[in-house]
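Please walk through this protein with me, beginning with its overall make-up and ending with individual residues and their contacts.

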Amino acid sequence: MTRDTSDDMPDKEVNRAAKILMEIANTRSRTSFNLGESSEESRAMNSLETIHPCSEEIRACFRREEALRYTQPNKAFSYTAVDGKKSVVAPLKRRGGKLFKRICHYDILKRNKPPFFTLHCLVRDAAARLPGGVGTRDDVCVLARDSQFIVEDISDSQLSKAVKGGLDRLHYEDDPCVKYERGRHQWTYLHGDRKVEDFEDDST
């Protein structure tokens, strides 16, 4: 059985995945509007409980994007969040001209993952996909389970502990992509409104 790589996965497949995600999100938005919910009310309700696990269709779409993202980890990438909006993640950091490898957390991640895929990548990608760019740690955990590089049978407590550490580290980077809102007990993804071009200098 051959592993799915972006060498045999053209860009049009990823574009199709993004289109599917946006169509699903638009359908949900219309449903909420017909039920009389404002976007603020809808998001407020979602913030009181974790978001629901993604459908198989949404998960498959994300995994196409994820596979493409890690074929060029030194470049910024635009994911499609679960609300259908585009959200950019920064390129992986370089050190001495080479991609900087961090602790791999093999208890959480599969052995056959891309060489530079780490816990930080898992958590950053999940945070970037939060609806509205805001969510709890549990929300991030739900989205992290969509990754094709995570061990499927890890416990919720294992994942929660790992995600907590990942969020804390990302929070203290020089250009943090997440911020913790203490009053709301939520995390905000800070790079969502940036463009891929904004990170061009970071990839060298």
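The paragraphs below go from the whole chain to its sheet, then to its nonpolar core, and finally to single residues.

The model shown here is a predicted one, and every value that follows should be read with that in mind. The protein contains six helices and seven strands, and when the elements are read along the sequence they follow the pattern α-α-α-β-β-β-β-α-β-α-α-β-β. Of its 204 residues, 45% are buried, while the accessible surface comes to about 11,700 Å², with 49% of that area belonging to carbon and sulfur atoms. If one considers the contacts between residues at least 6 apart in sequence, 61% of them join residues that are at least 24 apart.

A useful place to begin is an open sheet of three strands, whose order is E5-E7-E6 and whose pairing is antiparallel. Strand E5, residues 134-135, and strand E6, residues 178-181, stand at the edges with a single partner strand each, so that one side of each has no neighbour in the sheet. E5 is joined by two bridges to strand E7, which spans residues 186-189, and the two run antiparallel; in this part of the sheet, Gly 135 stands opposite Trp 187 of E7. Helix H6, made of residues 156-171, lies across E6 and E7 and runs at about 110° to E6.

From the sheet one can turn to the packing of side chains. The largest nonpolar core has 39 residues, and Leu 122 and Val 178 are those with the most contacts inside it. At least two residues of this core come from each of helix H3 (56-69), strand E1 (77-80), helix H4 (119-128), helix H5 (137-144), H6 and E7, and the largest share, seven residues, is supplied by H4. What does Val 178 touch, once residues up to four places away in sequence are not counted? Its partners are Ala 127, Leu 167, Leu 170, His 171, Trp 187, Thr 188, Tyr 189 and Leu 190.

The pair of helices H4 and H5 deserves a separate look. Their axes come within 8 Å and cross at roughly 105°; since angles of 65 to 115 degrees count as roughly perpendicular, H4 and H5 are therefore roughly perpendicular to each other. On the side of H4 the contact is made by Leu 122, Val 123, Ala 126 and Ala 127, and on the side of H5 by Val 140, Leu 143 and Ala 144.

Within this contact, Ala 126 offers a residue-level view. Ala 126 is found in helix H4, and it is buried because its relative accessible area is 2%, where the cut-off for buried is under 20%. Leaving aside neighbours within four places in sequence, Ala 126 is in contact with Val 140, Leu 143 and Ala 144. Ala 126 and Ala 144 are 18 residues apart in sequence, yet their C-alpha atoms are 5.1 Å apart in space.

A last residue to consider is Asp 146, which lies in the loop between H5 and H6. Is Asp 146 buried or exposed? With a relative accessibility of 1%, Asp 146 counts as buried. When residues up to four places away in sequence are not counted, Asp 146 touches Cys 54, Arg 59, Phe 62, Arg 63 and Arg 129.

Note on methods: Residues numbered from 1 in each chain as written. Predicted model: local features only at pLDDT ≥ 70, side-chain atom pairs only at ≥ 80, totals over all residues. Heavy atoms only, no water. Pairing = 2+ DSSP bridges. Helix = DSSP H or I, 4+ residues; strand = E, 2+ residues; numbered from the N terminus. Contact = heavy atoms within 4.5 Å. Axes fitted to C-alpha atoms, helices over the stretch in contact; angles between N-to-C directions. Buried < 20%, exposed > 50% of the residue type's maximum accessible area, 1.4 Å probe, protein only. Areas by Shrake-Rupley, 256 points an atom, 1.4 Å probe, with all protein chains shown as cover. Core = buried A, V, L, I, M, F, W, Y, C linked by side-chain atoms within 4.5 Å. Parallel < 35°, antiparallel > 145°, perpendicular 65-115°, else oblique.
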